[in-house]
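I opened a new page in my notebook today for a protein I had not met before. Come along as I look things up, one entry at a time.

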Amino acid sequence: MNILNKPFDTQFHTAPFSKIKNEDFLPAIKKGIEDAKAEIDAITNNPEAPTFQNTIEALDFSGEQLDRISSIFFNLNSAETNDEIQKIAQEVSPLLSEFSNDITLNETLFKRVKAVYDAKDSLDLTTEQLTLLNKKYKGFSRNGANLPEDKKQQLRDIDKELSKLKLKFGENVLAETNKYELHITNEADLDGLPESAKEEAKQTAEQKGKDGWMITLQYPSYIPFMTYAKNRELRKKLALAFGAKGFNNDALDNQDIVLKIAKLRHQRANLLGYKTHAHFVLEERMAKNPETVNTFLNDLLEKAKPAAEREFKTLSDFAKELDGIEQLQKWDGGYYSEKLKQKLFDLDDEKLKPYFKLENVINGVFTIAEKLYGLQFEEINTIDKYHDDVLTYKVTDSDGNYISIFYADFFPRAGKRNGAWMTVYKPQYVKNGENSRPHISIVCNFTKPTKTKPSLLTFNEVTTLFHEFGHALHGMLANTTYPSISGTSVFWDFVELPSQVLENWCYEKEALELFATHYETGEVIPMDLIEKIKASATFHEGMQTLRQLSFGLLDMSWHANEAPETINSVKAHEQKAFENTKLYPDVAENCMSTSFSHIFQGGYSSGYYSYKWAEVLDADAFEFFKEEGIFSKNVAQKFKDNVLSQGGTEDPMTLYKRFRGKEPQPEALLKRAGLIEK
Ligand SMILES: [Zn+2]
């Protein structure tokens with residue numbers, strides 16, 4: 001029998017990576033789907049009346065084998081992939097989405113779920129069970145299960161049309177990005193650019209068979225040019241091209257698509273009984289409704305605006321003094337900000353890196369987890385792993401109880417995608433009275449050690465490690481009954497709280513002293529460097545905040561709109577949405593919405609606010625730690641009991657209030673960001 005379909009007989013039942021062959025995956029997943037289908041059939045064919053146990057609970061524990069195999073497969077496809085795995089992924093993905101569609105469209109199953117849902121008040125369920133029931137029911141109803149056949153068809157038509165439009169939107173943005181070239185033949189036009197950026201530009205030109213240098217609208221080319229290039233005319237030219245994506249009244253224009261997407265999303269929401277698309281989306285978010293989001297954004301705006309205007313004035317004065325700039329324009333912002341930052345801080349990665357040897361930072365984050373939550377990390381070399389670079393740990397609590405397996409995979413290699421992430425091989429849950437502990441992993445792409453130097457992290461890499469480790473704690477400390485609401489399976493405007501809050505320790509002297517020691521001399525990082533890190537981290541925070549808020553407000557202006565069919569000019573609509581957040585003069589030939597892929601192509605519609613929302617939460621939560629000491633056992637215990645261990649078992653605002661004693665307030669963030677007085 002296929003090794004993947006059998007229970008793993010390894011120590012701690014971890015994945016037997018070294019024994020799995022690529023060709024095992026496809027048949028194992030097919031068999032997993034077959035078995036999961038049989039489990040669903042057993043639910044729908046049950047002659048007994050539907051109950052929470054025989055329907056909702058059975059549904060949540062179904063497909064366990066399939067989930068186990070697919071997590072291994074997709075985790076490998078991200079962290080250690082190759083052509084063969086990628087090819088298998090192409091075959092596997094449609095099978096899995098077909099299977100999940102089959103469940104959503106299973107009317108007999110929905111009838112049973114609905115019967116339990118309708119009787120929920122008389123069932124004497126725990127809070128966790130009620131949450132699970134609600135989640136399962138919504139999984140069907142939000143996909144139209146309650147609609148009559150003709151409306152179901154309408155919904156399917158809208159979904160089809162929407163997915164086509166979103167695809168086209170993305171294709172247009174990509175084509176616009178790839179089509180543009182700024183060809184430079186006079187080296188003086190590159191004045192100010194770092195050598196590495198010049199080198200890149202030269203290579204890009206070579207690849208396109210041209211002399212000289214080539215700047216494109218791809219971020220790695222665009223950002224350095226806008227940040228460092230002295231030539232103001234060329235910055236203007238490039239910025240205008242960047243801002244006009246999807247707004248050139250040609251075949252790649254996205255204006256019509258934006259209007260259509262907004263209208264169809266609205267119709268879809270109405271069909272399902274929601275006032276607007278934002279009402280539909282936010283029902284399953286901590287923020288709950290558009291009113292809360294709009295109040296949240298406008299409240300922050302009011303508080304951040306004075307600081308943003310001050311910063312803008314200082315920056316304008318600086319540009320005037322330096323180069324006689326009369327009116328600061330969009331294409332000047334990045335350039336003069338960088339110049340001012342250099343003047344004020346004189347801080348670069350090379351100065352900090354010697355204090356952040358990877359091994360020291362790992363020990364530091366483990367020590368912090370021990371001080372806060374009593375966790376112990378023991379490296380265990382007998383756990384099977386998918387690559388030699390991967391480190392494996394057994395995690396126990398202060399009484400020696402087994403908590404979790406923790407994998408850490410730090411260095412880049414050919415088969416690993418970019419970025420950093422936390423992931424789960426096996427979630428935590430309680431089954432047959434046994435608390436089955438999770439297998440958690442973090443994957444990063446940090447600076448590698450060389451023959452002469454250990455791995456020395458940039459400060460950004462340090463905060464990334466803390467961030468992912470914060471997600472990992474959320475997974476490791478999970479203590480719930482049902483797998484689908486365990487660990488990080490929470491509303492997505494709540495999921496960044498555990499990760500972002502942990503980043504705060506990177507800026508605290510008491511924490512840095514535990515691990516930020518010079519890799520050669522052992523000297524603890526000097527206080528003035530810590531102060532500089534803090535100050536530079538909040539540089540131009542007011543303007544940055546205004547920018548984030550403007551995107552959030554634009555998002556809401558499209559999706560919380562009760563009559564999107566009355567909007568006929570994308571540009572005019574956008575200008576109105578930006579009215580209160582504007583610092584730079586408007587540029588008539590540019591438009592943001594036509595290339596705002598986050599909300600018109602990706603999954604962030606009515607969700608852009610969540611970046612700031614998560615920051616408010618983490619600052620407010622950390623403020624509580626600071627009030628009682630950053631290693632306060634009392635606050636840590638509350639955070640563990642009410643947030644880290646609870647997963648999605650309850651409404652996040654309820655969980656948060658139980659931890660904090662009150663609702664989150666924006667003041668802590670505004671103080672941390674230096675936008676209001678401390
Ligand atoms: Zn995160």
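**Entry 1: the whole chain**

I began with burial: 54% of the 678 residues of the protein count as buried, where buried means under 20% relative accessible area, exposed over 50% and partly exposed in between (1.4 Å probe, protein chains only). I noted that this is a predicted model, in which local features need pLDDT of at least 70 and side-chain atom pairs count only at pLDDT 80 or more, while totals for chains, interfaces and linings use all residues. I also wrote down that residues are numbered from 1 along each chain as its sequence is written, and that side-chain values use heavy atoms, with hydrogens and water left out.

Next I looked up the overall dimensions. Taken along the principal axes, the C-alpha atoms fill a box of roughly 80 × 65 × 55 Å. The radius of gyration is 26 Å, which agrees with the value near 26 Å for a compact globule of 678 residues. That radius is taken over C-alpha atoms, and the globule rule is 2.2 Å times the number of residues to the power 0.38.

I found 27 helices and nine strands; these are DSSP runs numbered from the N terminus, helices being H or I with at least four residues and strands E with at least two. Among the contacts (heavy atoms within 4.5 Å) with a separation of 6 or more, 73% come from residues 24 or more positions apart. The protein exposes about 30,800 Å², and carbon and sulfur atoms supply 48% of that area. Accessible areas come from the Shrake-Rupley method with a 1.4 Å probe, and for residues only the protein chains shown count as cover.

**Entry 2: the zinc ion**

Which residues coordinate the zinc ion? I found His 467 (NE2), His 471 (NE2) and Glu 496, which is listed with OE twice, at 2.1 to 2.8 Å. Donors here are N, O and S atoms within 2.8 Å of the metal (3.2 Å for Na, K and Ca), and sites may look incomplete because water is not among the atoms.

The donor residues follow the spacing H-x3-H-x24-E in sequence. His 471 sits in helix α17 (residues 459–476) and Glu 496 in the loop between α17 and α18 (497–503), so this pair ties together parts that are 25 residues apart in sequence. I checked their cover too: His 471 is buried at 8% relative accessibility, whereas Glu 496 is partly exposed at 24%.

Why is the arrangement irregular? The angles subtended by the four donor atoms run from 50 to 137°, which makes it so. To be tetrahedral, four donors need all angles between 85 and 135 degrees; four count as square planar and six as octahedral if opposite donors are over 155 degrees apart and all others between 65 and 115, and anything else is irregular.

**Entry 3: helix α16**

I checked the span of helix α16 (residues 358–373). Its 16 residues should span 22 Å at 1.5 Å a residue, and its end C-alpha atoms are indeed 22 Å apart. The expected span is 1.5 Å times one less than the number of residues. Its buried residues include Leu 358, Val 361, Phe 366 and Tyr 373. Gly 374 follows α16 with a positive phi, near 70°.

**Entry 4: two positive phi values**

Most residues other than glycine have a negative phi. Asp 124 has a positive one, near 60°, and is found in the loop between α5 (107–118) and α6 (127–141). Asn 432, also not a glycine, has a positive phi of about 50° and lies in the loop between β7 (429–431) and β8 (434–436). Asp 124 is exposed at 74% relative accessible area, and Asn 432 is exposed at 78%.

**Entry 5: three lysines**

Is Lys 138 buried or exposed? I found it buried, at 15% relative accessibility, in helix α6. Not counting residues up to four places away in sequence, Lys 138 touches Asn 143, Tyr 274, Glu 283 and Glu 284.

Lys 571 is in helix α22 (residues 570–578) and is buried at 13%. With the near neighbours in sequence, up to four places away, left out, Lys 571 touches residues including Phe 247 and Asp 586.

Lys 275 lies in the loop between α11 (255–271) and α12 (277–282) and is partly exposed at 48%. Beyond four places in sequence, Lys 275 touches His 266, Asn 270 and Glu 562.
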